[in-house]
Every structure is written in C-alpha cells, then in structure tokens.
Amino acid sequence: MAQALSEKVRNVVLVGQDGAGKTSLAEAMLHLSGQTSRLGTTADGKSNLDYDSEEIKRQFTISTTLAPIRHRNVKINILDTSGSDDFIGDTIAAMTAAETALFVVDVVAGPQINTVKLWETAGKLGLARAVFVNHVEREHANFSEALAELSKAFGSRVGAVALPLGVDSDFKGVIDVIQRKAWLGSAGSEKTAELPADQQSAVDSAHDQLVDLVVEADDTLMEKYLEGEALSQSELESLLHTAMLAGLLVPVFVGSALLEQGVNLLMDAIVDYFPQPSERSAYAAASGEDVTIQASSEAAGFIFKTISDPFVGRLSFVKVLGGVLEPGSELANARTGRKDRLTQLLEMTGKDTEAVKKTEAGDIIVLPKLTEAKTGDTLSASGKLALAALPFPTPLYPVAIEAANQKDEDKLGDFLSRYVETDPCVKLGRDEQTHQTILTTLGEGAVSLILARLKERSGIEAKLLEVKVPYRETIRKVAEAQGRHKKQTGGAGQFGDCWVRLEPNPGGGYEFLDEVVGGRIPKGLIPAVDKGIREALIEGFLTDDPFVDVKTAVYDGSYHPVDSNEMAFKQAGRLAFRNACEKADVYLLEPMANLEVTVTDEYAGTIMGDFSTRRGRVAGTSTDESGRTVIKARVPYKEVVTYARDLRSMTRGIGSYSVEIAGYEEVPGDIAKKLIADYQARREEANK
Ligand SMILES: Nc1nc2c(ncn2[C@@H]2O[C@H](COP(=O)(O)OP(=O)(O)O)[C@@H](O)[C@H]2O)c(=O)[nH]1
Ligand SMILES: [Mg+2]
C-alpha cells in the first residue's frame, strides 16, 4: 500500500468502557475500507487488533493498537485503546496523539463510569469529542433513551447526526441526518438509499436540533439562519467542523460494529468534518511554549508508546509534530541527546508492519530501534524540542514480588527492569529496610499481566507477598547505662568499657556527643563507641526495626593499655546502648500517609466512615471545581497499602486519590504488642 505524501490525515482515538465495542468498530472500519478481507472479531480471538495472547485470553484490549484506514483518500489513524483502569496510562498516552476522541457507548448500558472519566480526560487534553452508540441491534436497545443518558452525562452539546432505522430485532440500518438519506444492508454490503417517507419528520426534528447547536459557531451563518434562510450542505459541514473544534458540538453516531452498520456514515463524517491534526489544541513544550502541528516546522515528533517486539526489538510509536520524516532523516532525542538516523518507517496495523517511504506532520508512524528511546521522549532535527511530560496517572498500588524459585531472582530483576522501561505506569523499587522488591502499578489487573508476561517471556514464575511496613523504634525517656566488654582468649585480651546516656530527639535524627573528660577513654577509641551504637540502632531493640531520633552521649569509661582496641570499644558501645534501652522506654513508630480523596457527594460518608476503621483522622473536607468532595485524612500507611483497590471497590471506580508518606507516629499498644510477639516468634523459628 503506497502512501502518497499529499494524503490528508485524521487521528481518532476510540475510548470508553471495556465491552462497548471499540475494537469491533475498528475492525469494521478496516474491513469496510478493504484493508482486511475478513472481519476481525474479538469474541472468538480472531481480531487483528486484540492479537496479543493475553488479550485473547481476557477478551479485552490491554494495549493500544493502531489501525490506519484509507477512506476517500484520507488516512484515518484509528487508535484502539483499553477502557480498564489498570491500563489507562496507555489509553491516555494514545489520546495525546489524537485530535478527536470517539467515545464508543453500549446503547443498553449507556455511558458507564470509565467512559465518564475518560470524557473529562479528553476535555483536559483539549480533544474534540464524538460518540458512537453501538450494539443498536441488541435486545432492549432504545436510542432516544440512550441519547438522553448521553446528555445527562456529557451535557447539552450532544447532537445526533445519525438515527437508527428501527432498533432491537427491527434494526435495518441508519439514517444520515445531514444528508437526509438512509444506509441499508449489513456485513459489508451497506448501501445508501432514499430516506423512507415515515422517517421525514424524525429527521427534520433531529436536523433542526443539530443546526441549533452548531450555528453558534459562525456569526454570519447564524444571522442567515435566523433570517429564515436555509443553509447549504457545505455551509452545514463547515459549521459542524467549527462547532466540533469549539466544543459546541459532540456529534452522536449510531450503529452496530458487529454487523458493520452505521460505520460508512461515521467514516464519511471523519473525512468531511472531523478536525485535522494542525487544528488540535497546542501541545505544551517543557519550556512552556505552545507547539502546534505544522508541516513547515523542523522535523519532530514525540513517542507516545513503546513496545518491545520479540522479532524487531523496540518499536516507538511517534506522533509527527513537524516537517517530513523519511529513511535517512536524522533525529535527536532531547532527553538523552542521542541522535538516530532513521533506517525504516513502519506503518502498523495491529501487529503487522509495512515499510513506508515518507510521513509528514500530523501523522502517526512507528520507528524501530531508536537508541534509548522511551515513552514521552521528544525527537527533533535540532534535538532542542521537548514536550512537557505526558499526563500519566500515578501508580499507587504496591505489591512485593519475588521469584518463586530463588535461583531465578536475577532473571526476575532483569525482566522487571526491562518491563518498566516500556510502561510509564509501573514503578520498580527496593525497600532497603524490609529488603523487599516493590512493584507499584495502577491495579491488580496490571500485576497479573506482568506475571503472565514474565512466564511467557522468561519462562519463570514469581510470587506476590504482602508489602512489609518499615516500622521504626525510638525512646521515650532519658536513660544511662554501662557497656563493658571483656574477653580473655589465650593471648591478647579484649577490653572496652563505656557509659552512655540516651535522650529522645524528636525530629532530630541520630546524634552522638563525646563528653569524656580526663582521657578516661582515649580520643582515638571514641569513634568506635559511636560505630557500636550505630550498629545497635540498625539492629533494633523491641523488634528488628531500626531506631530514629535518639541523641546519645558517651561520658565515662575505662580502658586497658594492652587489651583495648577499636573492636572492643565498638562492642562496649553497642552493649551500653542496649543496656540503656532497658530503661529508656523504647516504643514502635509507624509511617503515616496523608491522603486526599476525591469522590462524588454520595460516597463522602462511606469514605469518611471507612477512615475510622483504618485508624485514620479526617483533617478536613472541601469541594473541588467540578463539585466533588475532597477529603483529607492522615492514616497509618499500613492501613492504606491496598487503598487503590479498596477505594475502587467502595466507590465503584468513581473515587480517585493522591497519597504522600509523611512522618512517623507511635504504634498503638495492642498493635505494637502483636508486632513484638510476631518478631519473637520469627526469631525463635530461625533459631530452631
Ligand atoms: N451484538 C453486538 N455485539 C457487539 C457489537 N460490537 C461489539 N460486540 C461484541 O461485544 C463484545 C465486546 O466487543 P469489543 O469490540 O471487544 O469491545 P471493546 O472492549 O470496547 O473493544 C464482543 O463480544 C463483540 O463481539 C455490536 O454492535 N453488536
Ligand atoms: Mg477493545
């Protein structure tokens, strides 16, 4: 398929709840435009777009795929995305590459929660929006009810540009409200037909509603319309275009992706009046300037997705921002400073690739084997252009992971560090205190995908463990004690003796003072006492959790001219600290989390009540600009490790939150007792 440079481009991202029919709609477009000879179907795993083994198994889209469709000499880059919260980072990144978000909505279910959330995201990204009401041949389908639901969820700017000709089992085709004609026939044989006489009045009324919505976009045409003059077809199309760009119109289409009905009308509309790449709201550069898509600018693009292909290696999905790219073009990565000479430009349809000779500003292209390129990087001829960071959600769901078989630890580490390179919504870390490897993702689905990929690609298995909380110990009282280390083993002995004082030092960390006078301990051996105390701090006293906020002083001691050395005084320091702890009233501290939860009003009570069961304190509530309740609370971190999952189930996905780990507070008595008992049991077990 040769690609003509003059070809015009539209980038449309399909978004919405899983199961609404996004992938099926993309498959229908591929089939109707002749790019595939057979309709791909997700239900039986025979999809060109949901080709991945895990997508086939789970029967929903995980990773964004591209489907470039040729329709009337325009290249429509369809981006088919996942609707799941667990994979929403990939979806948001794909949205940044498009001008229009097409929301696919199941006619029976209406706009569900994830669709509503993505609607807001599209607004924030400045995308034009449209809706495809799908599944219209299904039982209980009711288009006017669906339309009312859409207005309720998305506001008064939704306007039907298509109507179904019958619904449910009576569904025959769709009506084009603008052209006043019908599309009849299914499964690739859809043809235009005269508007049936009994549909005239329905079309008139839909047409009037639509014109009322769009005339606001143009003062001259508005005047003409108000004076009672009819608008021509091309005037109407130009109004639809400007109104979509201005957010004055959200055109609503209708049909059945499975029967491939209503899809030709949609493709025509994308070509006729959907925004063009250069009209998209500007991108922000890291420097704060606006970046619009222009063929006359230097060659540039940004990477919105990275996959690692088992055969080709790394593939970078690039939205071209400026100029022309062709094999031989040189691009520099603003983050790394690395230059790459492009060897190949690939057009991808699902997993299939085809080399192309050229691409220009506005298009989406896949570049193989870029050096050190990551999602979010900007490439340009000068290497100077850098876009602001893509608006990825913060992963908040941590799990501890280790290889099921200890010998595979290295392999697991390799796999995970490569995995996080391709997914900006997965973070990998190591807790130095608890010695756990922590994987933080957007949710359980993302974790189970990682485990499946690990098995598939590395042939090993991993197990998930509860995240251990890094507790601390500290003291409540001033205490003094002696540490005396004496050993006589054959020849030279060991002798160290010191007195230390401990004092609580809230917020001051660890301090060590030398108050020894009269050379009762030689100066050269004082640092050994400090070292010994530091060892004891790490060891812990009640449990194996380290100390914080203790001020110590060595103020007396004695030594032996032959047997005293660094080793002996380190031991003495350690012993003195531990002996003082017996009298210092040591207690346990736990890390605290400050949470800010945003929910719709109906859930506010549930969330606040839930905090009291988590030992949390609500610090205040407020209302955000969209009228939602924002609850601030301070809660022990232990109680909110799985909050990402819990909030989702408490609010059916509506709630969102941010969290900051800040400070330590005392562990309440009964919980501390249990932690100490658990530690002792573990120690006894280990000593057996
Ligand atoms: N009856 C009917 N089923 C559909 C239609 N579109 C999609 N489906 C089915 O709905 C399920 C989910 O479709 P899919 O395209 O994977 O949804 P996605 O998660 O939004 O990509 C699959 O079993 C499809 O075969 C439609 O218009 N009518
Ligand atoms: Mg899908």
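Which residues does Gly 83 touch, not counting residues up to four places away in sequence? In this predicted model, the answer is Val 15, Gly 16, Gln 17, Asp 18 and Asn 114. Gly 83 itself sits in the loop between β3 (74–80) and α3 (88–96). You might wonder whether to call this loop residue buried or exposed. Gly 83 counts as buried because 24 other C-beta atoms lie within 10 Å, where the cut-off is 20 or more. To get a sense of scale, try Val 174: this residue is 91 residues away from Gly 83 in sequence, and the two C-alpha atoms are 26 Å apart in space.

Let's step back to the whole chain. Its C-alpha trace spans about 110 × 60 × 50 Å along the principal axes. The secondary structure comes to 16 helices and 36 strands, and of the 688 residues in the chain, 44% are buried. Of the contacts between residues at least 6 apart in sequence, 73% join residues at least 24 apart.

Now for the interior. In general, nonpolar side chains of soluble globular proteins tend to be buried together. Here the largest nonpolar core has 162 residues, and the members that touch the most others are Met 29, Val 131, Val 252 and Phe 253. Apart from this core lies another one of 28 residues, including Phe 495, Val 516, Ala 536 and Ala 576.

Two of those well-connected core members, Val 252 and Phe 253, lead us to strand β11 (residues 250–254), where five of five residues are buried. Val 250, Val 252 and Val 254 point one way from β11, while Pro 251 and Phe 253 point the other way, and all are buried. Strand β5 (residues 128–134) runs parallel to β11 and is joined to it by three bridges; there, Val 133 has Val 254 as its bridge partner. Strand β6 (residues 158–160) also pairs with β11 in the parallel sense, again over three bridges, with Ala 160 opposite Val 252. Val 131 ties into this region too: leaving aside neighbours within four places in sequence, its contacts include Val 158, Val 250, Val 252 and Phe 253. Phe 103, Val 105 and Leu 150 are also among the contacts of Val 131.

For a contrasting picture, look at strand β34 (residues 617–623), which is hardly covered: the count of buried residues among its seven is zero. Strand β35 (residues 629–636) runs antiparallel to β34, with six bridges joining them, and Thr 621 has Ile 631 as its bridge partner. Together β34 and β35 form a hairpin with five residues between them, and Gly 627 in the turn has a positive phi of about 85°.

Another stop is an open sheet of four strands in the order β29-β30-β32-β31, with mixed pairing. At its edges are β29 (479–488) and β31 (511–514), each pairing on one side only. The twist averages 25° from one strand to the next. Within this sheet, β31 and β32 (residues 550–558) pair in the parallel sense over four bridges, and Glu 511 is matched with Lys 551 as its bridge partner.

Finally, turn to ligand 1. It is surrounded by 21 residues, the closest being Gly 21, Thr 23, Ser 24, Thr 42 and Ala 43. Helix α1 (residues 22–32) supplies the largest share of this shell, with three residues. By class, the shell around ligand 1 has eleven polar, six nonpolar and four charged residues.

How values were computed
Residues numbered from 1 in each chain as written. Chains lettered and ligands numbered in written order. Predicted model: local features only at pLDDT ≥ 70, side-chain atom pairs only at ≥ 80, totals over all residues. Near = placed C-beta within 6 Å. Helix = DSSP H or I, 4+ residues; strand = E, 2+ residues; numbered from the N terminus. Nonpolar A, V, L, I, M, F, W, Y, C, P; charged D, E, K, R; others polar. Buried ≥ 20, exposed ≤ 12 C-beta atoms within 10 Å, placed from the backbone. Contact = placed C-beta atoms within 7 Å. Pairing = 2+ DSSP bridges. Axes fitted to C-alpha atoms, helices over the stretch in contact; angles between N-to-C directions. Core = buried A, V, L, I, M, F, W, Y, C linked by C-beta atoms within 7 Å.
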